Amino acid sequence: MSKPTSLFVIFFSLFIMSEAVFEDQVGKFDWRQQYVGKTLFAHFDSHSQSSNKLFLATDKNIFASFNSRTGDLLWRHVDKVGPEGTIDILVLHGQDALMVVGGGRLLRSWDTNMGGLNWEAVLDTGSFQAACFVAIQDTVKHVAVLKKAAISLHYLTNGHQKWVENLPDSDTVQYQAVYSGGEVEVYVLGVVPNSHLTIIAYSLEDGEIIKSVEAPWLSSVESSCVVIGQGVLMCVDPATLALYTLPIQAEEAPQFNQILLQSLDLEVSLGFQPVLVSSQPHPARSPISEFFLQLGPDHHVLLQLNADGYTIAALRDFQPAFLVSFATTGEKTVAVVMTPKNETACDINLFSADSGRRLLDTTVIFPLDLNGGKPFKLYVHAFLKKDDSVDYRVLVQTQDHALTFIQQPGRVVWTREEALADVVTMEMVDLPLTGTQAELEGEFGKKADGLFPMVLKRLSSQVILLQAWLAHLWKLFYEARKPHGQVKNEVTIETLSRDEFNLQKMMVMVTASGKCWSRQSLFIFVWSQLFGIDSKSGSILWKHYLENVQPNAVFKLIVQRTTAHFPHPPQCTLLIKDKDTGLASLHVFNPIFGRKSHIAPPALPRPILQSLLLPVIDQDYAKVLLLVDDQYKVTAFPSTKNVLQQLQEMASSIFFYLIRSDQGNLSGFRLRKDLSTERIWEVVLPTEVQKIVAVNGKRPNEHVHSQGRVMGDRSVLYKYLNPNLLAVVTESTDAHPERAFVGVFLVDGVTGRIIHEAVQRKARGPVHFVHSENWVVYEYWNTKSRRNEFSVLELFEGTELYNSTVFSSLDRPHLPQVLQQTYIFPSPITTMEATLTEKGITSRHLLVGLPSGAILSLPKMFLDPRRPEVVTEHSREENLIPYAPEMPIRTEWFINYNQTVARVKGIYTAPSGLESTCLVVAYGLDIYQTRVYPSKQFDVLKDDYDYVLISSVLFALFFATMISKRLAQVKLLNRAWR
Amino acid sequence: MASVPRSFLLLSIIPTILILCADFACCNTGRKTGDGLDTDFSGFSVPLEHSFEVDDVSRFRMRGALQLRGGRETSVSLSQSQLSEEDRKTLKEVAAVDGLYKIRVPRVSLTDRQTERQMDGYLTAFVRACSLVESHLSDVITLHTDVSGYLIGVSIVTIPGACRGTEVEDEVDLEAFNTTLTIIAPTNAPQPETALFIERMDIEHEKRGKPQEQKSFFAKYWYLILGGAIFLMASSSAQPSAGGAEEQQS
């Protein structure tokens with residue numbers, strides 16, 4: 001008895017094992033792109049002249065290093081999500097990169113060469129304010145960290161604390177800046193807003209001097225003051241339009257020296273808060289005495305503090321100038337200024353910092369992308385050429401989080417679209433047919449107009465086909481003569497066309513609304529971006545910048561018309577909805593080219609509750625999108641006469657549901673002929689007991705091939721395939737581990753009938769679930785056993801179908817049989833999705849994103865409530881795996897082998913033209929695209945398929961038959977003669 | 001059809017009452033009712049209302065009263081009157097235009113008897129009027145409760161459920177409801193069956209383990225060991241003699 005069982009298990013494991021990728025297949029069908037997010041701090045490695053490293057700290061709590069020549073990621077450290085991992089500051093000195101993490105919780109030092117952690121020191125509590133290097137006699141030995149109420153000094157070599165001092169009057173004084181100019185003292189600057197400035201000097205060997213300076217006009221040191229020259233504090237006051245200077249190191253009680261901007265012939269733009277920009281090239285030396293003053297959104301002035309420390313000279317006026325920055329190499333400091341050139345480009349020039357003179361031959365052209373954001377920040381890497389002149393490269397950060405690295409004379413070395421680190425939703429769209437294919441398709445699409453024109457049309461299209469074929473042959477011939485490496489294999493929008501098996505698609509990705517807060521102009525840019533990415537290579541083919549998207553917006557991407565309706569272009573619609581107000585807007589575009597459609601979307605003055613895509617198509621083959629507003633009025637898009645007429649005709653069969661999770665209310669509506677609605681059912685889950693956390697229907701493009709399952713005794717168990725079924729998951733409001741539960745309701749979306757109602761006791765969320773075919777798989781946290789568990793629900797109609805021809809929710813009186821089984825899963829999960837294939841013949845797998853970054857392809861066969869506890873003849877006949885409470889995780893099931901996807905947030909699956917193949921995109925911080933073959937490649941010949949052998953055998957057999965036939969004839973003839 | 005004596009039919013249209021006790025073996029009635037609720041918990045009654053209008057605007061009227069009884073064995077019964085002449089006419093008209101027949105019950109809690117049983121709002125469900133007519137008013141009404149005994153949903157289906165367009169000639173067929181009433185509480189989803197699995201594994205282990213233990217290593221291979229030993233002994237006794245022979249020769 002046991003022997004067959006074990007054999008059976010071995011058979012299965014063999015059957016499933018052969019899924020892993022072979023070594024030579026790595027990267028053949030899959031690609032991964034790693035992102036880091038919005039740059040907060042960027043530094044070039046100035047340690048050695050030849051170094052080409054770039055260090056970034058980002059808002060996604062990532063510290064990363066890039067190769068500045070290629071833009072490739074060298075290494076990346078992904079810290080915790082949330083405030084615990086936020087990077088407060090990143091400063092670089094020599095080979096050490098110092099970072100304060102988690103709001104002043106930790107001080108870390110990284111080795112910039114290898115990216116290893118040198119040391120980590122835990123800081124005292126208190127919110128972080130500022131940090132700087134402290135040098136004595138030209139060597140940097142310490143780092144000072146300023147907190148709200150204390151300052152501490154740490155050794156650079158091991159992170160040990162040298163001393164810590166509590167700051168006096170920290171409840172009234174806001175300490176905001178720390179400064180060290182290479183002398184034996186560290187200065188802490190604090191301010192009591194609109195009263196006075198406090199300067200505390202700490203000698204490195206401990207000891208403090210407190211100075212207080214009257215400054216009733218000063219409200220913040222951080223935003224309006226900089227230190228320049230030999231320790232001179234320079235502040236700007238927008239109210240009096242004056243600059244104030246103050247020598248920090250002065251012995252006796254110092255006084256602010258006022259210099260009116262008017263005296264320098266400078267004028268501030270109306271309503272603009274002037275900003276100062278200074279530079280301290282080396283922590284062991286004092287800052288340079290030149291500084292920028294920004295007077296308007298595109299007006300900067302380069303100023304110099306004279307040697308006396310009181311007077312200021314204007315070196316050069318820059319107007320218009322978007323961005324300015326300082327860069328230092330060796331002993332030379334240059335000012336870098338970005339000025340607009342024309343609509344599509346900006347000029348970047350170098351100016352000598354001490355004279356304001358423009359350096360010759362230093363112009364770099366930065367191309368402005370109309371579909372991208374405006375330049376936001378400059379990071380300049382200056383270096384000396386052999387002839388001692390200054391050369392430089394610029395990293396431009398634009399508002400859309402993109403980074404562009406430019407070299408002279410304006411060559412874009414690389415671009416990184418960091419907005420893709422935060423993809424919220426995506427769709428895959430088929431690529432269009434090639435011109436010739438489209439021509440043929442078009443012929444069938446046209447209305448017939450007589451016999452003769454049809455013949456002509458046919459002939460003309462045949463000629464075009466012949467032409468294309470000849471051109472193709474010529475191209476092949478031409479390319480064959482060229483050396484191998486020169487054959488271009490680049491993907492551009494023009495060359496995009498569907499491949500034989502529809503394996504290459506266009507990925508349309510929507511990124512979360514980003515925010516860019518510009519200090520200079522006091523504007524908050526809110527935006528979101530759309531990307532079109534080629535699924536084969538991962539190259540970005542187009543992008544579109546959507547302005548004024550609210551930060552809490554939710555997106556829904558809808559494909560209204562696919563590429564199948566030539567000559568009509570495909571059409572996608574992005575529904576952008578404000579989460580709080582519910583007000584929505586539509587963005588209609590062509591998913592292949594990214595261009596905005598000329599079709600005007602309807603105005604939506606009222607909050608939108610629900611949107612649904614109907615299978616109804618208008619005369620241009622676009623599916624109709626219905627939008628339901630808060631008065632239950634329906635807007636159709638497109639809303640042509642044809643559509644409205646169709647809607648009126650089938651109004652009584654259009655049902656939709658609304659869910660108000662805050663009231664626990666599910667209700668169903670039916671459309672009326674006048675496009676108003678009537679409420680027809682209502683289910684209320686009391687919010688005192690449980691709250692709805694998620695509702696999921698089935699995917700509309702899902703096909704189920706087999707209506708039932710053949711059982712061991714050759715009878716058929718029919719699946720309950722209700723396309724209107726909704727899976728509603730609730731969590732109890734009572735969080736006590738003994739009383740907490742997770743509820744799963746299966747509700748018919750048309751009739752509101754509760755098909756099944758199950759309660760998972762002692763369970764808690766987060767619940768991840770997949771609803772497909774006739775099953776629901778959900779995962780939850782078991783509070784009693786403290787583990788993650790998977791549960792599967794399957795619905796069957798029984799051994800007889802009620803109505804085998806058509807399914808109607810209105811006519812299905814019997815409740816289905818529900819089977820359920822639960823398993824232990826040895827890992828938490830972050831997201832879950834099911835594979836999807838063209839016709840649904842291929843067996844299904846679940847794709848599970850694990851926190852480790854692996855994506856597990858779990859065969860649905862393991863999640864089958866009919867897995868028997870005791871193996872019988874019938875269950876073996878049916879290929880059911882015997883029940884085991886624990887779900888295995890096998891490493892060969894990881895579809896992304898070692899290409900982990902950090903912080904995976906979602907998995908998208910799309911069918912391809914091959915029934916065996918499903919396209920998978922996992923997105924989170926990284927984007928990973930691959931193909932999976934849940935039932936192996938049953939419809940594809942292997943790469944190493946022996947065509948020669950098979951054809952030679954065929955031919956040999958053929959000739960053998962011919963010869964033997966001939967011989968037999970001869971023999972027969974001979975016998976007849978005898 | 002029409003020849004059936006009317007008096008006979010009238011007899012059978014005594015308001016149908018159908019009680020269906022829903023004591024599901026697996027469901028959790030034990031916990032939610034447990035503590036303070038006694039067996040003598042008296043039931044209470046809530047109205048069951050229906051609406052069927054040609055213009056599809058809901059105007060709910062009394063159809064009957066639901067007798068709900070919470071406690072250890074949740075039960076429900078329905079008493080309803082028959083349809084009036086006018087109602088029958090309207091129902092047939094509604095069916096002809098493919099209108100809806102809607103029912104509603106107020107939201108109540110079956111277990112909570114201190115607080116007011118009735119919360120605001122109703123639970124609504126519908127069925128196509130034509131299918132109700134064609135099934136001769138035989139419907140199945142199901143009430144769903146949640147874990148703590150609140151009514152969360154109601155559903156109505158007719159058997160058969162299809163609208164085939166068959167004409168119901170006899171008005172009498174539409175006089176009284178033939179209702180099947182059920183109340184369903186949520187089922188408990190299963191936990192992973194570890195205990196059973198371990199038990200089964202143990203049995204399998206025992207089965208597999210026993211024959212191996214019966215024969216020890218020595219018992220199995222004694223002849224090999226013995227043979228080896230004899231061979232060793234033989235070779236060791238042969239060697240000195242060979243050496244001796246050599247010595248003798250030299």
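This tour moves through a predicted model, from chain A as a whole to the contact with chain B and then to selected buried charged residues.

**Chain A as a whole**

Begin by displaying chain A as a C-alpha trace, which spans about 130 × 75 × 70 Å along its principal axes. Colouring by secondary structure brings out seven helices and 63 strands. Of the 978 residues in chain A, 52% are buried. The contacts within chain A can be sorted by separation in sequence: among those between residues at least 6 apart, 51% join residues at least 24 apart.

**The contact between the chains**

Next, select the residues of each chain that touch the other. The selection holds 50 residues from chain A and 46 residues from chain B. About 3,900 Å² is buried between the two chains, and carbon and sulfur atoms give 55% of that area. On the chain B side, highlight Phe126(B), Ile152(B) and Pro192(B), which lose the most area to chain A and together account for 15% of what that side buries.

Now turn to the polar side of the contact. Between chain B and chain A there are 16 residue pairs in polar contact, counted where both residues have pLDDT 80 or more. The elements of chain B that give two or more residues to this side are β4 (100–108), β5 (118–128), β6 (138–145), β7 (151–158), β9 (187–188) and α5 (194–214). Which of these elements gives the most to the side that touches chain A? Select β5(B), which gives seven residues. Coloured by class, the chain B side shows 22 nonpolar, 13 polar and 11 charged residues.

How many salt bridges are counted between chain B and chain A? The count is one. To see this salt bridge, show the side chains of Glu678(A) and Lys102(B), which meet at 3.2 Å, N to O.

The chains also meet through strand pairing. Select strand β53 of chain A (residues 754–761) together with β9(B): the two strands run parallel and are joined by two bridges. Within this pairing, Ala758(A) has Thr187(B) in β9(B) as its bridge partner.

**Asp30(A) and its surroundings**

Return to chain A and centre the view on Asp30(A), in the loop between α1 (2–17) and β1 (31–33). Is Asp30(A) buried or exposed? Its relative accessible area is 9%, so Asp30(A) counts as buried, the cut-off being under 20%.

Showing the neighbours of Asp30(A), apart from residues up to four places away in sequence, brings up Gln25(A), Tyr897(A), Gln899(A), Tyr928(A), Gln929(A) and Thr930(A). Two side-chain polar contacts merit a distance label: one of 2.6 Å joins Asp30(A) to Tyr897(A), and one of 2.7 Å joins Asp30(A) to Tyr928(A). Add Val920(A) to the selection: its C-alpha lies 9.3 Å from that of Asp30(A), although the two residues are 890 apart in sequence.

**Salt bridges in chain A**

Over all chains, the count comes to 36 salt bridges. Select Lys543(A) and Glu417(A), whose closest N and O atoms are 2.7 Å apart. This pair links distant parts of the chain, with Lys543(A) in strand β38 (residues 540–547) and Glu417(A) in strand β33 (residues 411–417), 126 residues apart. Both partners are buried: Lys543(A) has a relative accessible area of 11%, and Glu417(A) has one of 9%.

For a further view in chain A, select Arg709(A), Glu794(A), Lys860(A), Asp864(A), Arg866(A) and Glu878(A), which are linked in a network of salt bridges.

**Salt bridges in chain B**

Move to chain B and show Arg104(B) with Glu49(B), a salt bridge whose closest N and O atoms are 3.0 Å apart. Arg104(B) lies in strand β4 and Glu49(B) in strand β1 (residues 44–51), so the pair ties together parts that are 55 residues apart in sequence. Arg104(B) and Glu49(B) are both buried.

For the final stop, select Asp139(B) and Arg63(B), whose side chains form a salt bridge at 2.9 Å, N to O. Because Asp139(B) belongs to strand β6 and Arg63(B) to strand β2 (residues 61–69), this pair ties together parts that are 76 residues apart in sequence. Asp139(B) is buried at 1% relative accessibility, and Arg63(B) is buried at 2%.

Terms used: Residues numbered from 1 in each chain as written. Chains lettered and ligands numbered in written order. Heavy atoms only, no water. Contact = heavy atoms within 4.5 Å. Buried area = accessible area lost by both parts, 1.4 Å probe. Salt bridge = Lys/Arg side-chain N within 4 Å of Asp/Glu carboxyl O. Polar contact = N/O pair within 3.5 Å; in protein donor to acceptor, adjacent residues only side chain to side chain. Helix = DSSP H or I, 4+ residues; strand = E, 2+ residues; numbered from the N terminus. Nonpolar A, V, L, I, M, F, W, Y, C, P; charged D, E, K, R; others polar. Pairing = 2+ DSSP bridges. Buried < 20%, exposed > 50% of the residue type's maximum accessible area, 1.4 Å probe, protein only.
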